[in-house]
Amino acid sequence: MPASWNDQFAEWRDYLGQTWYQTYFDLPWGWDVASQQISLRFGSVNYLAEVWLNGICLGEHEGGHLPFTFDITSHVKPDRNLLVVRVDG
């Protein structure tokens, strides 16, 4: 997520409520998931986030503008990973 959608769309600058983000990603060529740990780091989410990877709930985070991390090593695939984040803020 490049930034809060409030920062990207002027007409929604003051919106507070539920928002969904989703993206697909592939691992870099040659990445060995058997021998390397992979973490997903969020620099900031306001205020409550639920995070899913490939249909598996990784967990939640509560707290505005605080970084948090999930270990995704056991859930990631070589390609076409689906990351979904629900934010309530």
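Okay, let's start with contacts: if you take the pairs in this chain that sit at least 6 residues apart in sequence, 61% of them join residues at least 24 apart. Keep in mind throughout that this is a predicted model.

So what is the chain built from? There is 1 helix, and there are 6 strands. Going along the sequence you read α-β-β-β-β-β-β, with the helix leading and the strands following. As for overall dimensions, the C-alpha trace spans about 45 × 20 × 20 Å along its principal axes. The chain has 89 residues, and 30% of them are buried. On the outside, about 6,000 Å² is exposed, and carbon and sulfur atoms account for 53% of that area.

Now the sheet. Which strands are in it, and in what order? You've got 4 strands in an open sheet, running β1-β6-β3-β4, and the pairing is antiparallel. At the edges stand β1, residues 18–25, and β4, residues 56–62; each has a single partner strand, so one side of each has no neighbour in the sheet. From one strand to the next, the twist averages 15°.

Let me zoom in on one of those pairings. β3 and β4 are held in register by 6 bridges, in the antiparallel sense. Have a look at Glu50 while you're there: across from Glu50, in β4, stands Glu60. The loop that joins β3 to β4 contains Asn54. Asn54 has a phi near 55°, so to speak a positive one in a residue that isn't glycine. Its relative accessibility is 23%, so Asn54 counts as partly exposed, given that the buried class stops under 20%.

Staying on β4, that strand also holds His61. Buried or exposed, then, for His61? Buried: the relative accessibility of His61 is 15%, and the cut-off is under 20%. And who packs against His61? Setting aside residues up to four places away in sequence, His61 touches Tyr47, Leu48 and Ala49 on the one hand, and Leu66, Pro67 and Phe68 on the other.

Next, the core. The largest nonpolar core has 17 residues, and the members that touch the most others are Phe42, Val51, Ile72 and Val85. Which elements give two or more residues to this core? Those are β2 at 39–42, β3 at 48–53, β5 at 68–71 and β6 at 81–88. Two of those names, β3 and β6, you already met in the sheet order β1-β6-β3-β4.

Last stop, the loop between β5 and β6, where you find Pro78. Pro78 has a relative accessible area of 59%, so it goes down as exposed, the threshold being over 50%. Exposed or not, Pro78 does have partners: leaving out neighbours within four places in sequence, Pro78 is in contact with Asp26 and Leu27. For a sense of distance, Pro78 and Ile56 are 22 residues apart in sequence, and their C-alpha atoms are 16 Å apart in space.

That loop between β5 and β6 also includes Arg80. Arg80 is another non-glycine residue with positive phi, in this case near 60°. If you'd like to put the two on screen together, Asn54 is in the β3–β4 loop, and Arg80 is in the β5–β6 loop.

That's my tour; over to you.

Note on methods:
Residues numbered from 1 in each chain as written. Predicted model: local features only at pLDDT ≥ 70, side-chain atom pairs only at ≥ 80, totals over all residues. Heavy atoms only, no water. Core = buried A, V, L, I, M, F, W, Y, C linked by side-chain atoms within 4.5 Å. Buried < 20%, exposed > 50% of the residue type's maximum accessible area, 1.4 Å probe, protein only. Pairing = 2+ DSSP bridges. Axes fitted to C-alpha atoms, helices over the stretch in contact; angles between N-to-C directions. Contact = heavy atoms within 4.5 Å. Areas by Shrake-Rupley, 256 points an atom, 1.4 Å probe, with all protein chains shown as cover.
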